[in-house]
Amino acid sequence: MAVIVRRLLESEIGLANDFFNAVYKVSRSIDNFRWEFLHGPVGPAVYVVAIDDSIKTHTKVVGIQAAIPLQFQNSNGEVVSTAKSEDTLVDPSYRGQKIFERMYELLFQECKKAGIDFIWGFTPAKKAFEKIGFEIPFQAHQALMVFRPLKAYSYLSSLNPQNRFVDKVKIGGLTFLSRFASVLTGVVSTEQLTVKKVNLQSKNEMIKKTSQAPSVYFLRMDDNYLEWRINKNPFGNQYENYHLFSGDKLIADVLVNFRPEGFGYIEQMFFLDGISEKMKKDVLHHVISTMKPKVNFIRALCFDTNDELRSQTRLLKRSGFVILKRGGHFVWRALGSRVLNPNDIFLTRLFTQGNQ
């Protein structure tokens, strides 16, 4: 089997998407593929394919790999070009031929040509990425707050059809533990805060108002990014953006997401410079109170990689969330001489495509 690796052609988009659907047994549409890989906020993705060239009657895709260009920025507005690794997949019957390594070798070359300084992503396949030079600096955590345990259990246990009886028992225990924790630690807010639902707009000015040092980098959430990630997101998300005020003073910006399955996400929290830990807790309780009538449970993605993210994880725990130290491994690779410590990235759920 003579396998070649090259850039994806426009005429092969359907083949690459069909390969993804066949291996994962899903039904991603061509429109979703185009949204994710062709219409991104910084331009089309770098997308490579592995083709079995020994088959002359048709084009057979046996591997795919993509990198979605995304920009980071710090509180001073300095911008770094990065790309998020996605669609990493090799046909199981073609494994052992170093197709994974060859696709990434081409991907690295093409990303360098495009001026991309770093590639990153989330994966459960830790060892495979370490072998090709990625760092694995940390792992994502999950935060869970349950209001209606039976409905939460019904949804969470259905996510994996392979769950055994013991797995379902663990999920049931988790949902009731989370409900107990939320009742036990829940505190009524003491601050007279005002919550206002606002139109979504560029977060770049909000980033500048945080207390973060210039060494900390955020997603560059300009209008192009938010139009792609939020307004045109095809995965059934219903986003709401809240501003919280103490008197006339804006103290926090919180983005949440209501899923049609009956739960919600806290996607991202920004606290403005000088806000006390007590007031942050009051902010979160106001947000929880706003979400609670609409959802059976709330989830959040959290990290312990820098002071602000550790502070937010502690805030979630103190407010009644159960923290689950499980989630995808964060992978990171520098493509040039530019230096950026991955622990200095302000990670939120907006770093995902919002498809789960």
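**Close-up A: the salt bridge at Lys-280.** Lys-280 is buried, with a relative accessible area of 8% (buried means under 20%, exposed over 50% and partly exposed in between, for a 1.4 Å probe and protein chains only). The model shown in this and the following views is predicted, so that local features are reported at pLDDT of at least 70 and side-chain atom pairs at pLDDT 80 or more, whereas totals for chains, interfaces and linings use all residues. Residue numbers start from 1 along each chain as its sequence is written, and side-chain values rest on heavy atoms, with hydrogens and water left out. The side chain of Lys-280 meets that of Glu-277 in a salt bridge with an N to O distance of 3.3 Å, where the term requires a side-chain nitrogen of Lys or Arg within 4 Å of a carboxyl oxygen of Asp or Glu. Because the two residues stand three apart in helix H9 (residues 277-291), about one helical turn separates Lys-280 from Glu-277; helices (DSSP H or I, at least four residues) and strands (E, at least two) are numbered from the N terminus. Glu-277 counts as partly exposed at 36% relative accessibility, while its partner Lys-280 is buried. This pair is part of a network of salt bridges that links Glu-277, Lys-280, Glu-308 and Arg-318, and a search of the whole structure gives 22 salt bridges.

**Close-up B: a salt bridge within helix H3, between Lys-113 and Glu-110.** The closest N and O atoms of Lys-113 and Glu-110 are 3.3 Å apart. The two residues are separated by about one helical turn, because they lie three residues apart in helix H3. The two ends of this bridge fall into separate exposure classes: Lys-113 is exposed, with a relative accessible area of 67%, whereas Glu-110 is buried, with a relative accessible area of 14%.

**Close-up C: Arg-349, with a carboxylate partner in Glu-267 and a ring partner in Tyr-265.** The salt bridge between Glu-267 and Arg-349 has its closest N and O atoms 2.5 Å apart. This pair links distant parts of the chain, with Glu-267 in strand S12 and Arg-349 in the segment after strand S15 (329-334), 82 residues apart. Both ends of the bridge are buried: Glu-267 has a relative accessibility of 2%, and Arg-349 has one of 5%. The charged end of Arg-349 also sits over the ring of Tyr-265, at 3.5 Å from the ring centre (NZ of Lys or CZ of Arg within 6 Å of the ring centre and within 35 degrees of the ring normal).

**Close-up D: Lys-196 over the face of Phe-245.** In this contact between a charge and a ring, Lys-196 is placed at 5.1 Å from the ring centre of Phe-245.

**Close-up E: the tilted aromatic pair of Phe-108 and Phe-134.** In the whole model the count comes to 30 aromatic pairs, the rule being that rings of Phe, Tyr and Trp (its six-membered ring) have centres within 6.5 Å, with planes under 30 degrees apart called stacked, over 60 edge-to-face and the rest tilted. Phe-108 and Phe-134 form one of these pairs, with 5.8 Å from centre to centre and 50° between the planes. Distant parts of the chain are linked by the pair, since Phe-108 belongs to helix H3 (residues 99-113) and Phe-134 to the loop between helix H4 (126-131) and strand S6 (135-139), 26 residues apart. Phe-108 and Phe-134 are both buried.

**Close-up F: one aromatic cluster, including Trp-120 and Trp-332.** The other members of this cluster are Phe-72, Phe-118, Phe-122, Phe-138, Phe-303, Phe-330 and Phe-351.

**Close-up G: positive phi at Lys-25 and at Asp-87.** Lys-25 has a positive phi of about 60° although it is not a glycine, and this residue lies in the loop between helix H1 (13-24) and helix H2 (30-37). Asp-87, likewise a residue other than glycine, has a positive phi near 55°, but Asp-87 is found in strand S4 (residues 79-90). With a relative accessible area of 72%, Lys-25 is exposed, whereas Asp-87 counts as buried at 6% relative accessibility.
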